[in-house]
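This briefing concerns salt bridges and strand pairing in the structure shown below. Please read it alongside the sequence and the model.

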Amino acid sequence: MRVFQRFEVWLLLIAGGIAVWWSFKSDAPSAEDGPVAEMNADAPLQLRRCTLERDFGNARLDLEVRYKNASPRPLFMQPPDVRLINAAGKDVPPFVLPVERPATVEAQTTADLRLRFWLEKTDLTGPLTLEIRGQKLEVKNNTPLDLDKLPNGKPRVWTSAAWAP
């Protein structure tokens, strides 16, 4: 039987090779994906970008942060180690997709991460603080943000804690 003389077999072999290469390629973000403003390299927790997308009466907040894990064990970016705290001192629930694994920072390394949270309308009336293993970072300042003034389904991006509508 002359299996390798058929065009379809070669096409499937090439497609399979590309699929294997794609699955093993690095997921590290490139330099062009980072924000324009450079952060303090000494800080163990740095805010890179905040993306807020309104979903009718609620909103999804995607935080892109850089975290330096000085611990001798890996850190899984889940509560209780990672919390977003609103002005009332309550934890904002994380936004979890069943198909995504939680972000992880290996021991003694620094990594760029994306953390997702599900915000209520009242969470945007005051400051938001990200806390990772006792280290705090201001994500949003005291300026209230009216969720009703944002267009539904259109992401808004900020690179600092000063959120202006």
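The side chains of R60 and D62 meet in a salt bridge, with N and O 3.2 Å apart. The model is a predicted one, and its salt bridges number 10. The points below cover several of these contacts, the exposure of the residues involved, and one open sheet.

**Salt bridges at D62**

- In the pair R60 and D62, the arginine is partly exposed because its relative accessibility is 22%, above the 20% limit under which a residue counts as buried.
- D62 falls under that 20% limit, with a relative accessible area of 7%, and is therefore buried.
- D62 also forms a salt bridge with R116, where the closest N and O atoms are 3.5 Å apart.
- This second pair links distant parts of the chain: R116 belongs to strand β7 (residues 109-119) and D62 to strand β2 (residues 58-69), with their positions 54 residues apart.
- Both R116 and D62 are buried.

**The salt bridge between D112 and R66**

- D112 and R66 form a salt bridge whose closest N and O atoms lie 2.7 Å apart.
- Because D112 is in strand β7 and R66 in strand β2, this pair ties together parts that are 46 residues apart in sequence.
- D112 has a relative accessibility of 38% and so counts as partly exposed.
- R66 is likewise partly exposed, because its relative accessible area is 30%, which lies between the 20% and 50% limits.

**A network of shared partners**

- Salt bridges that share partners join six residues into one network: E53, R60, D62, E100, R114 and R116.
- Two contacts described above involve members of this network, namely R60 with D62 and R116 with D62.

**An open antiparallel sheet**

- Four strands make up an open sheet, arranged in the order β5-β4-β8-β9 with antiparallel pairing.
- Its edges are formed by β5 (91-92) and β9 (135-140), each of which pairs on one side only.
- Strand β4 (residues 82-85) runs antiparallel to β5, and 2 bridges join these strands.
- Within this pairing, L84 stands opposite V92 of β5.

How values were computed. Residues numbered from 1 in each chain as written. Predicted model: local features only at pLDDT ≥ 70, side-chain atom pairs only at ≥ 80, totals over all residues. Heavy atoms only, no water. Salt bridge = Lys/Arg side-chain N within 4 Å of Asp/Glu carboxyl O. Buried < 20%, exposed > 50% of the residue type's maximum accessible area, 1.4 Å probe, protein only. Pairing = 2+ DSSP bridges.
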